[in-house]
Amino acid sequence: MAVHVSIHDVSPAWEREVDVALEMAHEAGVRPALLVVPDFHGRAPLAEHPRFVERLRALEADGHEIYLHGYYHRSRRWDDPDTRATREGGAAARLRHLFAQKVVSASEAEFSDVSRDEAVARLDAGERVLRDAGLTIAGFVAPAWSMPPWVLELLGERGYRFTEDHLRIHDPAGRRSRPSVVLNYASRTPARLLSSVAWCRLARPARRLLPARIAIHPADMRYALLRSEIASLLSWAAGDFAATGDALFS
Ligand SMILES: [Zn+2]
């Protein structure tokens, strides 16, 4: 089955690591989708990095898809007034919030507990930044792949043809969805790093049954072990690369 490759957290904040990841991907003969964050952690607004933006335009012209990847890539704190709706959801909502923010994502899961108004505002703002940068948005991926189910409907209304979470790929406007295995690494702690390497080795055979995704994070590039794992993963998938995310549906 086809394998789609993407580079997450594409931002001037990770410029060097993104370059290393791109070089590896190009060597393997694939043009990964670029998951662009409009203003990573509120300290790397695209508009203030015209050289980086120009590079993104050149990469898009060369066949890389551009996906919107949140806005700040950072979640609200639990005690933020805007988190009220989640707080009123009671203990279960609180556990979900803690799980998404602390366990899964180190407070990166920006869309995991947004209100509808806030989701709309962030999508509006993010789309505007990428459009102003002269980029065409081919999909949306929530940071940490974490979003409430109703975001799918919202994306469908806005015409999105590709989004994904941990377990599935979705075509929100076309109302299609299908299971897909994702191979990615976690480098936050040594234990996670090793267990994610083990997971990726174990999960590889799933590709016989399901379309697969390889997600490269810029932070992975800081570890020699992950660089070599990713290089081997890319050569394992060579020949089966999907040119676009929505090609995984066919
Ligand atoms: Zn991300």
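Student: Which residues are exposed on the other side of helix 2, across from its buried ones?
Tutor: Heads-up: this is a predicted model, where local features need pLDDT of at least 70, side-chain atom pairs count only at pLDDT 80 or more, and totals for chains, interfaces and linings use all residues. Residues are numbered from 1 along each chain as its sequence is written. A residue counts as exposed if 12 or fewer other C-beta atoms (placed from the backbone) lie within 10 Å of its own, buried if there are 20 or more, and partly exposed in between. On that side of helix 2, the exposed ones are P50, R51, E54, A58 and A61.

Student: How far does helix 2 reach from its first C-alpha to its last?
Tutor: Helices here are DSSP runs of H or I with at least four residues, strands are runs of E with at least two, and both are numbered from the N terminus. Helix 2 covers residues 50-61, twelve residues in total. The expected span is 1.5 Å times one less than the number of residues. For helix 2 the reach is close to that expectation, at 16 Å.

Student: Within what arc do the buried residues of helix 2 fall?
Tutor: The buried ones are V53, L56 and L59. The arc is taken from the directions from the helix axis to the C-beta atoms. Looking down the axis of helix 2, these residues line one face, because they fall within an arc of 115 degrees.

Student: Which strands are among the cover over those buried residues?
Tutor: Contact means that two C-beta atoms, placed from the backbone, lie within 7 Å. L56, for one, touches L34, V36, I66, A133 and L135, leaving aside neighbours within four places in sequence. The cover over helix 2's buried residues includes strand 2 (33-36) and strand 3 (66-68).

Student: How many residues does the largest nonpolar core have?
Tutor: In general, nonpolar side chains of soluble globular proteins tend to be buried together. A nonpolar core is a set of buried Ala, Val, Leu, Ile, Met, Phe, Trp, Tyr and Cys residues joined through C-beta atoms within 7 Å. The residues with the most contacts inside the largest one include L56 and L234, and the core's total is 60 residues.

Student: L234 sits in helix 8, right? Within what arc do that helix's buried residues fall?
Tutor: Yep, L234 is one of the buried residues of helix 8, along with L226, I230, L233 and A237. On the other side, A224, S228 and S235 are exposed. The cover over the buried ones includes strand 1 (3-10), helix 1 (15-28), strand 8 (181-184), helix 7 (190-203) and strand 9 (212-216). Down the axis, the buried residues line one face of helix 8, because they fall within an arc of 95 degrees.

Student: Which strands stand at the edges of the six-stranded sheet?
Tutor: Two strands pair if DSSP finds at least two bridges between them. This open sheet has parallel pairing and the order 4-3-2-1-9-8. One side of each edge strand is left without a neighbour in the sheet, because each has a single partner; these are strand 4 (137-140) and strand 8.

Student: Are the residues of strand 9 buried or exposed?
Tutor: Strand 9 has parallel partners: five bridges join it to strand 1, and four join it to strand 8. A212, I214 and I216 lie on one side, with R213 and A215 on the other. All five of its five residues are buried.

Student: At about what angle does helix 1 run to strand 1?
Tutor: Axes are lines fitted to C-alpha atoms (for helices, over the stretch in contact), and angles run from 0 to 180 degrees between N-to-C directions. Helix 1 lies across strand 1 and strand 9, and its angle to strand 1 is about 165 degrees.

Student: And in the three-stranded sheet, which residue of strand 7 stands opposite D171?
Tutor: That open sheet has the order 5-6-7 with antiparallel pairing. Strand 6 (residues 168-171) and strand 7 pair over four bridges. Opposite D171 in strand 7 stands R176.
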